[in-house]
Amino acid sequence: MVWLMLTICVLLYPLVSAVSEDLLFVNYHIHITSDVPSDLPPGIPSLRVHCKSGDRDIGEKELFQHEDYTWDTKIDLFRTTLFFCNIWWEGKQQTIVAFKALRDEHRCRKHHNSCLWSVRDDGIYFSNDNSYWYNAYPW
């Protein structure tokens with residue numbers, strides 16, 4: 001009986017913790033912005049991004065300079081929400097974890113519940129306040 005109660009507590013802890021902070025009801029905004037230099041003629045996109053989770057494909061999009069690729073998500077009951085993106089630019093390719101519930105549920109609440117990503121010529125940068133950026137995924 002003690003093991004059963006302990007198991008139930010361990011399984012329910014993430015739910016109780018998230019509900020107590022209303023984290024399951026927060027709508028998170030993920031933004032990926034093309035900040036790569038472009039020497040291509042006008043009207044030719046220079047960056048490709050394809051984002052998805054295990055059960056949701058956001059789709060592939062070609063971005064022009066300073067264009068934004070964005071979507072919204074909520075955290076699931078067990079806090080396992082995860083989105084990853086493949087990004088291609090000038091023969092380079094990088095896969096990033098754009099949103100991970102346990103990592104981002106608190107850090108992305110600082111700036112309007114947004115996770116901000118900027119693709120630059122030396123890598124993919126992250127910010128949670130739109131002021132300080134760090135290179136999370138170098139090329």
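Partly exposed, the label you'll meet below, means a relative accessible area between the buried range (under 20%) and the exposed range (over 50%). Lys-61, at 31%, is one residue that gets this label. Keep in mind that this is a predicted model, and that it holds six salt bridges. Here are some close-ups.

**View 1. Lys-61 pairs up with Glu-67 in a salt bridge.** Look for the closest N and O atoms of the two, which sit 3.5 Å apart. Lys-61 is partly exposed, with a relative accessible area of 31%. Its partner Glu-67 is partly exposed too, at 24%.

**View 2. Arg-48 and Glu-60 form a salt bridge.** Here the closest N and O atoms are 3.4 Å apart. Arg-48 belongs to strand S2 (residues 47–52) and Glu-60 to strand S3 (residues 57–63), so this pair ties together parts that are 12 residues apart in sequence. Arg-48 has a relative accessible area of 31%, making it partly exposed. Glu-60 comes in at 46%, and it also counts as partly exposed.

**View 3. Arg-79 meets Glu-105 in a salt bridge.** From N to O, the gap is 2.3 Å. Arg-79 is in the loop between strand S4 (68–73) and strand S5 (82–89), while Glu-105 is in helix H2 (residues 101–107), so the pair ties together parts that are 26 residues apart in sequence. Now, are these two buried or exposed? Arg-79 is buried, with a relative accessible area of 10%, and Glu-105 is buried as well, at 2%.

**View 4. Three residues share a network of salt bridges.** The linked residues are Arg-103, Asp-104 and Arg-107.

Note on methods. Residues numbered from 1 in each chain as written. Predicted model: local features only at pLDDT ≥ 70, side-chain atom pairs only at ≥ 80, totals over all residues. Heavy atoms only, no water. Salt bridge = Lys/Arg side-chain N within 4 Å of Asp/Glu carboxyl O. Helix = DSSP H or I, 4+ residues; strand = E, 2+ residues; numbered from the N terminus. Buried < 20%, exposed > 50% of the residue type's maximum accessible area, 1.4 Å probe, protein only.
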